[in-house]
Amino acid sequence: MKKIGFLSFGHWSPSAHSQARSAADVLRQSIDLAVAAEELGVDGAYFRVHHFARQAASPFPLLAAIGARTSKIEIGTGVIDMRYENPLYMAEDAGAADLISAGRLQLGISRGSPEQVVEGWRLFGYNPAPGETDADMARRHTEAFLTVLGGEGFATPNPRPMFPNPPGLLRIEPHSEGLRDRIWWGSASNATAVWAAELGMNLQSSTLKNDETGEPLHVQQRKQIEAYREAYRKAGHTREPRVSVSRSIFALTDDLDRAYFGRDRGSRDQVGMLDDTTRAVFGRSYAAEPDELVKLLREDEAIQAADTLLLTIPNQLGVDYNAHVLDSILTHVAPELGWR
């Protein structure tokens, strides 16, 4: 069995070819798709976070709205860029969204990827400390966030408060018990996967990864997952960790599928530079008739190693088509692979 979710980047465009032409379209359609996905039996609705872009940004209002409209599906992110976040305020938002959803929040966080503007986190008021990089700052924000999610009091109460306080130091409220165990780190390297394991986070590995060995993406990710699980075990954590990988997968079941994605049949991994110093491998798309798709996915070592698969969706094609994409995987592919 494998959990299957969708991952939306929440793009919108005023193009006549897009069914999501505004931020309002994306937000409302995201809620509708999560509702439809739950009815189909999809396990998770996840959303990417980018700033200064025509796509999903502040995730917590959307996650809370989905939590209020659904009852079973996991809701999450993949990922929130921690360079931009106030850990304490984020803990309040996350606690509220998790309580609204009755404990279904699965929050993916990370250092983030190259953004639309230069050092946008500075415009949000966050600056690396002397000697820190922006990646160091993201990890510092993350460690502070994880600490306050633990629920221990740390703030000295006012001796003359507006309202009566409980005894002792005060914690961030609202506190949602168990949320600390549902935080995921989006890792692009083996080293940060090990770091996430040591802190007891779950692991998200995307459709790209730092190219550390020159091997295909799925092989590098499988080795990353193995390193993560070994580090998690050595750290002495007792909870069973979760691992997700993201893929673009399309079962070609009708002429519309073939028109949209038939050209991806011959897709292969690509290698490129994320920045001046980081070489990355970008994963292929999978597009084929269901029987061929099953054969291809069986050979993906990272998918086999992970317990959760996030399907990246073309959200601008609308709710109905994306529900069809998800249903095709659940109906024609997942049972043949033993995922259902």
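Helices, counted as H or I runs of at least four residues, and strands, counted as E runs of at least two, are DSSP runs numbered from the N terminus. With that numbering, Glu 299 falls in the loop between helix 9 (290–298) and helix 10 (301–305). The structure described here is a predicted model.

It helps to begin with the chain as a whole. The chain holds eleven helices and twelve strands. Its radius of gyration is 20 Å, close to the 20 Å that the globule rule gives for 340 residues, so the chain is as compact as a globular protein of that length. Taken along the principal axes, the C-alpha atoms fill a box of roughly 70 × 40 × 40 Å. Of the 340 residues, 52% are buried. Among contacts with a separation of 6 or more, 72% come from residues 24 or more positions apart. The exposed area of the chain is about 15,600 Å², of which carbon and sulfur atoms supply 52%.

One part worth following on the structure is an open sheet. Three strands make up this sheet in the order 7-10-9, with antiparallel pairing. Strand 7 (208–210) and strand 9 (270–273) each have a single partner strand and stand at the edges, so one side of each is left without a neighbour in the sheet. On average, and with direction ignored, neighbouring strands of the sheet are turned by 30 degrees against each other. As background, strands of a sheet pair through backbone hydrogen bonds, in either a parallel or an antiparallel manner.

The two pairings can be taken in turn. Strand 7 is joined to strand 10 (residues 279–282) by three bridges, and these two strands run antiparallel. Within strand 10, Val 281 is the residue opposite Lys 209. On the other side of the pairing scheme, four bridges link strand 9 and strand 10, again in the antiparallel sense. Here Gly 272 has Ala 280 of strand 10 opposite. The connection from strand 9 to strand 10 is a hairpin that passes through five residues. A helix accompanies part of this sheet: helix 7 (residues 217–234) lies across strand 7 and strand 10, and runs at about 65 degrees to strand 7.

Elsewhere in the chain, helix 2 (residues 60–69) gives a view of how a helix is packed. Its buried residues are Phe 60, Leu 62, Leu 63, Ala 64, Ile 66 and Gly 67. These buried residues pack against two helices, helix 1 (23–40) and helix 3 (87–100). They also pack against strand 2 (44–47), strand 3 (74–81) and strand 4 (105–110).

The loop that leads from strand 2 to helix 2 contains His 51. Is His 51 buried or exposed? With a relative accessibility of 8%, and with the limit for buried residues set at under 20%, His 51 counts as buried. Apart from neighbours within four places in sequence, the contacts of His 51 are Ala 57, Tyr 84, Glu 115, Gln 116 and Phe 124.

Several points of backbone geometry also deserve a look. Gly 78 and Val 79 are joined by a cis peptide bond with omega of about 10 degrees, and Val 79 belongs to strand 3. A cis peptide bond also joins Glu 173 and Pro 174, where omega is about 0 degrees. Pro 174 sits in the loop between helix 5 (134–149) and strand 5 (183–186).

Positive phi values occur at Ala 102 and at Glu 119, neither of which is a glycine. For Ala 102, phi is near 60 degrees. This residue is part of the loop between helix 3 and strand 4, and Ala 102 is exposed, with a relative accessible area of 69%. For Glu 119, phi is about 45 degrees. Glu 119 is located in the loop between strand 4 and helix 4 (120–123), and is partly exposed at a relative accessible area of 35%.

Finally, the loop residue Glu 299 can be placed in relation to the rest of the chain. Glu 299 has a relative accessible area of 57% and is exposed. From C-alpha to C-alpha, Glu 299 and Ala 45 are 25 Å apart in space, while 254 residues separate them in sequence.

Terms used:
Residues numbered from 1 in each chain as written. Predicted model: local features only at pLDDT ≥ 70, side-chain atom pairs only at ≥ 80, totals over all residues. Heavy atoms only, no water. Pairing = 2+ DSSP bridges. Axes fitted to C-alpha atoms, helices over the stretch in contact; angles between N-to-C directions. Contact = heavy atoms within 4.5 Å. Rg over C-alpha atoms; globule rule 2.2 N^0.38 Å. Buried < 20%, exposed > 50% of the residue type's maximum accessible area, 1.4 Å probe, protein only. Areas by Shrake-Rupley, 256 points an atom, 1.4 Å probe, with all protein chains shown as cover.
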